[in-house]
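Here are some short exercises on helices and strands. Try each one on the structure before you read its solution.

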Amino acid sequence: MGLVEIGKSAKQAAFQLSQCTTSQKNAALNGIADLLEQKSESILAANQRDIQNAQDNALSAAVLDRLLLTGDRLISIANDVRKVAMLTDPVGEVIDGSILGSGLKLQRHRVPLGVIGVIYEARPNVTIDIASLCLKTGNAAILRGGKETVHTNKAMIDIIQHALAQSKLPTTAIQSINDPDRKYINELLKLDQYVDMIIPRGGAALHKLCREQSTIPVITGGIGVCHLFVDESMDFAKALPIIINAKTQRPSTCNTLETLLVHANIAKQFLPKLSQAMADNAVVLHADPESFAILKGLPANVSVVTDEELRQEWLAKDLNVVIVDSLEHAVSHIREYGSAHSDGILTRSLANAEKFVNLVDSAAVYVNASTRFTDGAQFGLGAEVAVSTQKLHARGPMGLEALTTYKWVGYGDDLIRD
């Protein structure tokens with residue numbers, strides 16, 4: 001089936017889904033979750049083919065981690081689908097309303113967006129996350145995963161379409177472009193007759209391509225140059241576990257800590273403790289000249305950080321360390337080097353916490369918490385299609401409501417306009 005035919009069938013499927021009841025959609029979602037567990041052996045076997053190909057092509061450890069499925073990860077993915085089924089269906093919600101002076105009763109009704117095109121790389125869990133959220137909100141989806149995940153994605157799409165057929169929903173509601181040729185990305189970006197939104201999930205180059213080439217609205221994000229600022233009031237024993245979690249809990253994710261900012265007044269006392277903790281967790285440090293002078297010769301491996309490194313995602317067990325002389329200096333650094341994804345302050349000062357929250361304009365801002373919480377499931381959204389760092393339409397983890405829009409509905413008693 002060509003891309004135009006995929007688009008046409010997706011548009012028709014979206015119309016059909018928009019008329020479905022919540023119970024019909026939930027039945028399909030629970031069917032997907034059950035099949036993921038029942039067919040786990042075949043999914044994991046397909047995933048091992050992708051892992052072997054990735055190893056043969058010497059892909060990085062970060063890519064391999066994002067690509068890998070295990071039995072436990074698959075169970076977690078299935079459970080996330082069940083959680084989406086349990087969430088309140090936003091479609092049909094009356095957002096607000098009023099009666100105008102003319103007598104017109106006006107309401108805003110929440111409705112599906114239509115057809116969502118998603119382009120992503122080595123993240124097989126994204127296939128299920130997107131499918132479940134789109135189905136719940138009555139949207140169709142056209143998925144284009146990376147060549148690294150071709151076997152895993154095919155196995156998952158087969159399961160999704162099987163569950164749709166069992167629930168008597170259109171199997172073309174969730175489709176994938178399986179050909180790895182990059183020309184299909186450019187074609188998808190121009191399919192504005194049928195596709196209502198494009199969501200890229202990958203590196204900066206993919207986001208740039210979509211912004212520049214798409215004739216369809218694009219939601220960008222997922223590039224996480226995340227920061228934590230340790231101010232001079234913070235309890236060291238409380239700060240270190242948060243930093244360790246933010247950096248090491250799963251380093252290959254976009255909500256992982258990449259740069260630690262440390263107040264100058266505590267640097268000489270705090271950095272030796274940080275070095276030991278990072279050495280214990282096999283984290284390599286990249287320090288500005290001032291912090292390098294303190295960290296050199298301490299347990300953790302350390303080198304002088306470059307300007308380029310301060311602007312990039314490590315997606316690995318590497319951490320930048322920068323000394324700042326004030327909260328304002330920390331905010332200035334975040335504004336210069338951050339990606340407006342997730343940034344936080346570790347403090348015992350309520351005034352500093354409030355000031356940081358007011359000054360830092362990121363999609364998620366934390367006080368005394370790990371950046372790893374920026375996640376659809378952690379936010380109670382069930383899952384996410386992406387983490388948006390934009391300000392229009394959606395921001396942060398994009399759950400159900402972010403996949404809807406609204407229409408105005410006016411009720412009159414044979415009204416005409418004066």
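The exercises below concern a predicted model.

**Exercise 1.** Find out how helix α2 and helix α5 are oriented to each other.

Solution. Start with the general idea. Two packed helices are described by the angle between their axes and the distance between the axes. Now take the pair. Helix α2 covers residues 22-38 and helix α5 covers residues 71-86. Their axes come within 9 Å. They cross at roughly 170°. Angles over 145 degrees count as roughly antiparallel. Therefore α2 and α5 are roughly antiparallel to each other.

Next, look at who makes the contact. From α2, the residues include Leu 29, Ile 32, Ala 33 and Leu 36. From α5, they include Leu 74, Ile 77, Ala 78 and Val 81. Sort the contact residues by type: eleven are nonpolar, three polar and three charged.

**Exercise 2.** Work out which strands stand at the edges of the seven-stranded open sheet.

Solution. Write down the order: β10-β9-β11-β8-β7-β12-β13, with parallel pairing. Read off the ends. β10 (302-304) and β13 (364-367) each have a single partner strand, so one side of each is left without a neighbour in the sheet. As for twist, neighbouring strands are turned by 20° against each other on average, direction ignored.

**Exercise 3.** Describe how β7 pairs with β12, and name the helix that lies across β7.

Solution. Strand β7 is residues 226-230, and strand β12 is residues 342-346. They pair in the parallel sense over four bridges. Phe 229 stands opposite Ile 345 in β12. Then find the helix. Helix α11 (residues 267-280) lies across β7, β8, β9 and β11. This helix runs at about 155° to β8.

Key
Residues numbered from 1 in each chain as written. Predicted model: local features only at pLDDT ≥ 70, side-chain atom pairs only at ≥ 80, totals over all residues. Heavy atoms only, no water. Axes fitted to C-alpha atoms, helices over the stretch in contact; angles between N-to-C directions. Helix = DSSP H or I, 4+ residues; strand = E, 2+ residues; numbered from the N terminus. Parallel < 35°, antiparallel > 145°, perpendicular 65-115°, else oblique. Contact = heavy atoms within 4.5 Å. Nonpolar A, V, L, I, M, F, W, Y, C, P; charged D, E, K, R; others polar. Pairing = 2+ DSSP bridges.
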